[in-house]
2 protein chains.
Amino acid sequence: MKHNNKKPLILITNDDGVHAKGIQCLIEVIKPLGEIVVLAPEGPRSGMSSAITPYVPLRIFRLKQEENLTVYSCTGTPVDCVKLAINEILDRKPDLVISGINHGSNAAICIIYSGTMGAALEGCIFGIPSFGVSLTDHSSNADFSEAVKYARIVAEKVLEEGLPKGICLNVNVPNEGEIKGMKICTQTPGRWVSEFMKSKDGSGKDIYWLTGVFENFTPDDKNTDEWALTNGYVSIVPSQIDLTAYQMVDRLKHWENA
Amino acid sequence: MKHNNKKPLILITNDDGVHAKGIQCLIEVIKPLGEIVVLAPEGPRSGMSSAITPYVPLRIFRLKQEENLTVYSCTGTPVDCVKLAINEILDRKPDLVISGINHGSNAAICIIYSGTMGAALEGCIFGIPSFGVSLTDHSSNADFSEAVKYARIVAEKVLEEGLPKGICLNVNVPNEGEIKGMKICTQTPGRWVSEFMKSKDGSGKDIYWLTGVFENFTPDDKNTDEWALTNGYVSIVPSQIDLTAYQMVDRLKHWENA
């Protein structure tokens with residue numbers, strides 16, 4: 001496909017699937033900002049992280065083509081969507097990748113499991129300013145009216161200012177009460193506990209359903225994204241694709257003599 | 001199950017599946033170091049990153065129980081394996097999580113897509129010293145004789161010295177030539193390009209197979225893991241689960257007034 005106009009080219013994807021309310025609301029609010037190409041999974045892909053699909057062939061379906069908006073679905077993961085769009089669909093590099101709006105929080109350690117953030121990190125790997133945006137409400141009919149406002153603000157800021165190489169944004173929007181504004185945060189240290197509900201299948205065999213509760217290691221730290229969300233702020237965590245713990249490189253150097 | 005002896009408890013998993021040669025070689029070489037519990041996917045889960053399984057129930061199968069070695073498989077992802085082991089199988093926290101030995105490199109940006117490293121990062125999230133280990137040879141019958149030597153050295157070092165909270169190790173072993181030793185490295189900046197082979201299915205419809213070539217942005221940087229592997233060293237990248245780009249937090253603070 002050809003994209004010859006000067007409008008910003010914006011790639012939109014998500015992990016709840018192309019028909020989810022969150023991505024539909026996002027498309028509507030972002031449409032005025034440029035030429036929009038949507039390539040999103042055909043169904044839910046929550047918790048897919050940065051998973052890719054090495055052993056199964058992928059398929060792409062064009063669902064809609066109108067002025068400045070083309071919508072595709074694919075059979076792959078959120079990261080596959082970004083890869084397919086950039087490698088196979090778009091004739092130029094997008095100016096922005098937005099993933100979301102996710103139904104449910106991706107704050108704290110959830111960034112690691114999140115398909116929404118997997119797609120945003122993937123845009124970042126391609127050197128494209130990228131962010132993921134999530135609402136702290138899992139319900140399929142969640143109210144995205146506040147979330148779209150902030151998604152639009154962040155999109156405009158990123159289009160205007162860009163983002164440094166290797167850094168994308170993890171944006172989360174609280175679901176309750178009046179929103180006080182945006183807060184630039186750090187990733188809350190914590191983990192999930194009590195993660196499985198043990199149950200039985202129809203023939204009496206043990207099965208395990210993923211569930212769990214988030215344990216916040218630093219609930220009073222006002223710099224963290226969980227604190228921001230609990231206190232009525234939209235949290236924005238600048239997040240990087242280089243996982244190197246630089247402070248450890250020197251500390252382990254003595255192993256080189258082992 | 002009960003683990004009442006004083007030996008270190010070591011959890012082993014992988015992403016190539018419990019029957020892969022890499023994990024079998026790893027089990028053999030690690031067995032003398034402690035009580036070993038293996039919980040690995042029943043089949044291949046390459047490229048699963050930190051994916052979890054929210055919508056499908058998981059099953060666990062016990063395959064083997066002998067002195068100091070119990071082997072389970074499960075229907076989930078590598079991260080599910082670590083979660084199931086810690087939440088449902090083990091009666092105490094392991095002293096070490098090892099994921100591997102992977103058939104194929106997980107250096108550079110592959111840490112983000114790798115199920116092997118997903119499991120190692122998960123052990124780290126639980127506060128357990130953890131590492132992933134990979135051999136730069138994809139073949140199912142790869143020669144793991146050098147890789148197991150280094151897996152054992154790293155396991156002994158980590159059991160002895162521990163690892164700081166939030167940091168695990170990404171260990172890769174080169175497949176060719178004489179190995180010169182271990183090198184503590186940084187994650188190579190780069191990305192995959194030319195990622196799909198377009199093909200047709202049996203009814204003539206377009207399909208896309210994931211493939212690609214790694215583009216190294218800094219091939220001459222002797223600090224990186226790709227340089228180490230190319231030059232005959234085992235690469236060890238200390239890697240962290242906190243993705244916050246701290247240097248960006250202040251730079252974006254002006255957005256709070258938007």
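**Figure 1. A strand pairing in chain B, seen residue by residue.** Ser199(B) has Ile207(B) as its bridge partner in β11(B). That pair belongs to a run of five bridges between strand β10 (residues 196-200) of chain B and strand β11 (residues 206-210) of chain B, and the two strands run antiparallel. Together β10(B) and β11(B) make a hairpin, with five residues between them. Look in the turn for Gly204(B), whose phi is positive, at about 85°. Bear in mind for this and every other panel that the model is predicted.

**Figure 2. One whole copy, chain A.** Seven helices and 13 strands make up chain A. Its C-alpha atoms fill a box of roughly 55 × 55 × 50 Å along the principal axes. Does the radius of gyration suit a compact globule, or does it disagree? For 258 residues such a globule would come out near 18 Å, and chain A has 19 Å, so the two agree. Buried residues account for 54% of the 258 in chain A. Of the chain A contacts with a separation of 6 or more, 76% link residues 24 or more positions apart.

**Figure 3. The nine-stranded sheet of chain A.** Follow the strands across in the order β3-β4-β2-β1-β5-β6-β7-β13-β8 (chain A) and you have crossed an open sheet with mixed pairing. The edges are β3 (60-66) and β8 (181-184) of chain A, each of which pairs on one side only. From one strand to the next, the twist averages 20°. As a reminder for reading the panel, side chains in a regular strand alternate between the two faces of the sheet.

**Figure 4. Where β7 meets β13, and the helices that pack on the sheet.** Strand β7 (residues 167-173) of chain A runs antiparallel to strand β13 (residues 233-240) of chain A, and six bridges join them. To find the pairing on screen, start at Asn172(A): its bridge partner in β13(A) is Ser235(A). Helix α2 (residues 78-89) of chain A packs on the sheet, touching β1 (9-13), β2 (35-41), β3, β4 (69-74) and β5 (96-103) of chain A. The direction of α2 makes about 135° with that of β2(A). Helix α5 (residues 145-161) of chain A also packs on the sheet, and the strands it touches are β5, β6 (130-135), β7, β8 and β13 of chain A. Here the angle between the directions of α5 and β5(A) is about 165°.

**Figure 5. The contact between the two chains.** On the chain B side 61 residues take part, in contact with 60 residues of chain A. Strand β13 (residues 233-240) of chain B gives the most to its side, five residues. By type, the chain B side splits into 36 nonpolar, 14 polar and eleven charged residues. Chain B superposes on chain A (RMSD 0.0 Å) after a rotation of 180° with 0.0 Å of shift along the axis. That is how a two-fold axis relates two copies. The copies meet through the same surface, because 98% of the interface residues of chain B are interface residues in chain A too.

**Figure 6. Thr244(A), a loop residue that reaches the other chain.** Thr244(A) sits in the loop between β13 and α7 (246-251) of chain A. Is Thr244(A) buried or exposed? With 22 C-beta neighbours inside 10 Å, Thr244(A) counts as buried. Setting aside neighbours within four places in sequence, its contacts are Thr186(B), Gln187(B), Val237(B), Pro238(B) and Ser239(B). For scale, the C-alpha atoms of Thr244(A) and Lys157(A) are 28 Å apart, with 87 residues separating the two along the chain.

Definitions and conventions:
Residues numbered from 1 in each chain as written. Chains lettered and ligands numbered in written order. Predicted model: local features only at pLDDT ≥ 70, side-chain atom pairs only at ≥ 80, totals over all residues. Helix = DSSP H or I, 4+ residues; strand = E, 2+ residues; numbered from the N terminus. Rg over C-alpha atoms; globule rule 2.2 N^0.38 Å. Buried ≥ 20, exposed ≤ 12 C-beta atoms within 10 Å, placed from the backbone. Contact = placed C-beta atoms within 7 Å. Nonpolar A, V, L, I, M, F, W, Y, C, P; charged D, E, K, R; others polar. Least-squares fit on C-alpha atoms with pLDDT ≥ 70 in both. Pairing = 2+ DSSP bridges. Axes fitted to C-alpha atoms, helices over the stretch in contact; angles between N-to-C directions.
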